Amino acid sequence: MSASPSIPRADLYAAADRFGTPLYVYDAAELDAALARVQAAFGGARVFYAMKANPNLALLARLRASGVGFECVSAGEIARAEHVGAGGEDILVNGPAKSREEYETGARLGAIFVVDREEEVGLLPPGSRALVRVNPALNVSTHDHLATGAAGSKFGVTPAQAPGVLRALREAGHHALGLHVHIGSAIRLVTDFGAAFARLAELRAHTGELEVLDVGGGWGLGADLPGIAREAREAASAFGAQLWVEPGRYLVARAGTLLTRVVGTKRTGRNFLLTDAGMTELLRPMLYGAVHPVTPLWDGGEAQTWDVAGPACESGDLLARDVALPEPNPGDLLAVGDAGAYGAAMSGSYLTRPRPAEALWEGGAWRLIRRRETPRDVWAAEMGAYTASTHDRQGP
Ligand code: LLP
């Protein structure tokens with residue numbers, strides 16, 4: 001049996017032995033396949049990878065080599081894009097509360113800004129290229145935290161405001177490229193996307209033709225990509241616009257697996273399978289009630305029902321609930337699937353847990369693409385302050 005798409009079990013154990021666990025592994029072939037599916041469905045559209053899903057430089061470089069640009073929401077993300085050789089044309093600077101540093105770095109690179117509120121027109125560097133983000137005020141089928149196009153959401157301007165913001169951009173000497181919409185994340189219903197894109201297309205009467213329609217990302221795993229693409233193309237053609245897309249999860253989720261070792265078991269009325277990974281490595285189950293498939297990489301007898309619990313001192317630190325798995329032995333590996341997006345990216349060092357290593361499976365071999373942190377890495381930024389005191393016995 002294999003876990004993530006096509007990596008043999010023996011190679012997963014070899015990676016765990018070599019790089020330690022918890023460990024994020026990525027299958028390069030699956031990453032390439034996901035991009036190919038996007039390009040096939042959205043043929044001709046420009047793809048800007050939303051790097052918040054997984055900003056690992058090795059993955060960015062691989063996507064960049066296929067001509068993909070980047071959607072960035074922080075100065076750090078812009079720096080990553082620059083680091084892998086993206087130019088201004090290939091960088092979208094997005095976000096509801098951009099900092100001065102983000103405007104400045106974006107401007108230095110000649111990046112394209114996504115305007116999120118009217119006041120930003122006056123904040124953009126002179127002569128900026130810009131899109132205007134529209135909030136279509138629709139309820140979509142996803143977790144509340146993942147809905148960004150609902151009436152109460154902080155993102156974008158109202159459809160009624162959008163034509164005025166485009167005009168204001170032009171009057172201020174900026175290059176108003178067109179409109180942007182992103183209604184949320186992990187959405188599977190084509191009708192949700194269709195409704196949002198149609199709401200934008202209605203603005204055609206007030207905006208005239210536009211160069212670009214950017215329909216964001218948000219495609220849930222297993223979503224009907226050709227169906228979403230059809231709706232997007234229809235809206236873009238209403239404006240005579242080129243279509244841009246910003247997938248995050250769809251490009252990287254399936255390629256990634258979190259490998260964790262079984263620490264032991266515990267029976268207290270519930271069966272707990274204790275693992276060396278938890279909320280600090282994969283926050284999504286705790287934060288969104290997300291369900292990630294777990295695959296046992298051991299042979300065993302009859303399956304029992306388990307809660308998979310991590311090492312943190314928090315009751316919510318569960319990777320999975322009520323899953324059927326055979327009895328493990330300590331040291332066995334459990335593979336947590338669909339973890340390539342918002343897994344490593346949202347991992348943290350709470351409890352001074354060093355962030356895990358990441359390895360890429362490519363051409364039948366492993367490549368370490370992020371080394372495991374050490375506790376010292378976690379407290380590195382405190383060290384200057386601390387070593388200045390007389391309490392330090394170890395020295396700098
Ligand atoms: N474009 C914009 C403007 C976005 O805000 C996002 C995601 C994307 C594109 C990419 O969305 P995707 O294709 O990945 O759904 N941490 C959450 C997901 C938050 C997504 C935030 N914005 C999770 O773990 O599910």
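Which atom of the ligand lies 2.7 Å from a backbone N or O atom of Arg-249? In this predicted model, where local features need pLDDT of at least 70, side-chain atom pairs count only at pLDDT 80 or more, and totals for chains, interfaces and linings use all residues, the partner is an oxygen atom. Residues are numbered from 1 along each chain as its sequence is written, and side-chain values use heavy atoms, with hydrogens and water left out.

Two side chains reach ligand oxygens as well: a polar atom of Ser-185 sits 2.4 Å from one, and an N or O atom of Tyr-342 is 2.6 Å from one. Left by itself the ligand would expose 580 Å², and the protein buries 91% of that (accessible areas by Shrake-Rupley with a 1.4 Å probe).

There are 19 residues around the ligand (a heavy atom within 4 Å), and Ser-185, Glu-246, Arg-249, Arg-284 and Tyr-342 come nearest. Sorted by class, this shell holds 6 nonpolar, 7 polar and 6 charged residues, with Asp, Glu, Lys and Arg counted as charged, Ala, Val, Leu, Ile, Met, Phe, Trp, Tyr, Cys and Pro as nonpolar, and the others, Gly among them, as polar.

As for the domains, the assignment (automatic or from a database) splits the protein into domain 1 (9–24 + 253–379) and domain 2 (28–249). Their centres, taken over C-alpha atoms, are 32 Å apart. The contact between them (heavy atoms within 4.5 Å) takes 18 residues from domain 1 and 17 residues from domain 2. Back at the ligand, both domains chip in, each giving at least three residues to the shell.

Technical notes. A polar contact is a pair of N or O atoms within 3.5 Å; within protein, one must be able to donate a hydrogen and the other to accept it, and residues adjacent in sequence count only if both atoms are side-chain atoms.
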